[in-house]
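Dear colleague,

I am passing on the structure we spoke about, and you will find its sequence and coordinates just below. My notes on what turned up in it follow after that.

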Amino acid sequence: MRKEILLFLIIVIIGGCEGQSDFVMDPTLQRQYLNDSTSHVIPDNWTGEVKTAEEAFCIAIPGLEEGFGKENINHQKPFVINLIDDIWVIEGTLHQSDSEIIYGGTAYIEIKKSNGAILKIVHGE
């Protein structure tokens, strides 16, 4: 499934994204899934360095929506973003009320700052 998602990301044309209200910077966010394989898929219409969290979010959101469903991804907003060792780490928010049991997880993506390559895209369980 991950290979299918990564293949799709090669094809995805990145559109605009809605804006900063859909994500927040979180300096406590750490890299995860370190034992999972890493790829280096650069989106077709991206060139150059990913200088801001907003740029990273704009790269991430189309692939996440296509891979995991727009409704699912919209429900995970706001996403949290952190820059760790020149890798943008982006993760969805799991919303839960006190009396609710939640099954599933959140979307997670890593993007290389220097060139916009998508290194990893996963949905937690």
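Before the notes on the helix, one term is needed: the bend at a residue is the angle between two axes, one fitted to the seven residues ending there and the other to the seven starting there. Please keep in mind throughout that this is a predicted model.

With that term in hand, helix H2 (residues 53-68) has a kink of about 30 degrees at Ala-60, shortly before the proline Pro-62. The 16 residues of H2 should span 22 Å at 1.5 Å a residue, and the C-alpha atoms at its ends are 21 Å apart, which agrees. Twelve of those 16 residues are buried, so H2 is largely enclosed by the rest of the structure; among the buried ones are Ala-60 and Pro-62 themselves, together with Phe-57, Cys-58, Glu-65 and Phe-68. After H2 comes Gly-69, which has a positive phi, near 95 degrees.

As for the overall layout, the protein has three helices and five strands, and from the N terminus on its elements run in the order α-β-α-α-β-β-β-β. Of its 125 residues, 45% are buried, while the area it exposes is about 7100 Å², with carbon and sulfur atoms supplying 51% of that. Among the contacts with a separation of 6 or more, 65% are between residues 24 or more positions apart.

Strand E4 (residues 107-112) has five of its six residues buried, so this strand, too, is largely enclosed by the rest of the structure. On one side of the pairing list, E4 runs antiparallel to strand E3 (residues 87-91), to which five bridges join it; E4 also runs antiparallel to strand E5 (residues 118-123), again through five bridges. Ile-111 in E4 appears in both pairings, since it stands opposite Trp-88 and also opposite Ile-118 in E5. E4 and E5 form a hairpin with five residues between them, and in its turn Gly-116 has a positive phi of about 80 degrees.

Finally, a word on confidence: pLDDT averages 79 over the protein, and 74% of the residues score at least 70. Over residues 1-16, however, pLDDT stays under 50, although the model has 30 contacts beyond four places in sequence for this stretch. Where pLDDT is low, the predicted coordinates should not be read in detail.

With best wishes

Methods
Residues are numbered from 1 along each chain as its sequence is written. This is a predicted model: local features need pLDDT of at least 70, side-chain atom pairs count only at pLDDT 80 or more; totals for chains, interfaces and linings use all residues. Side-chain values use heavy atoms; hydrogens and water are left out. Buried means under 20% relative accessible area, exposed over 50%, partly exposed in between (1.4 Å probe, protein chains only). Helices (H or I, at least four residues) and strands (E, at least two) are DSSP runs, numbered from the N terminus. Two strands pair if DSSP finds at least two bridges between them. Contact means heavy atoms within 4.5 Å. Accessible areas come from the Shrake-Rupley method with a 1.4 Å probe; for residues, only the protein chains shown count as cover. pLDDT is the predictor's confidence in each residue, from 0 to 100. The expected span of a helix is 1.5 Å times one less than its number of residues.
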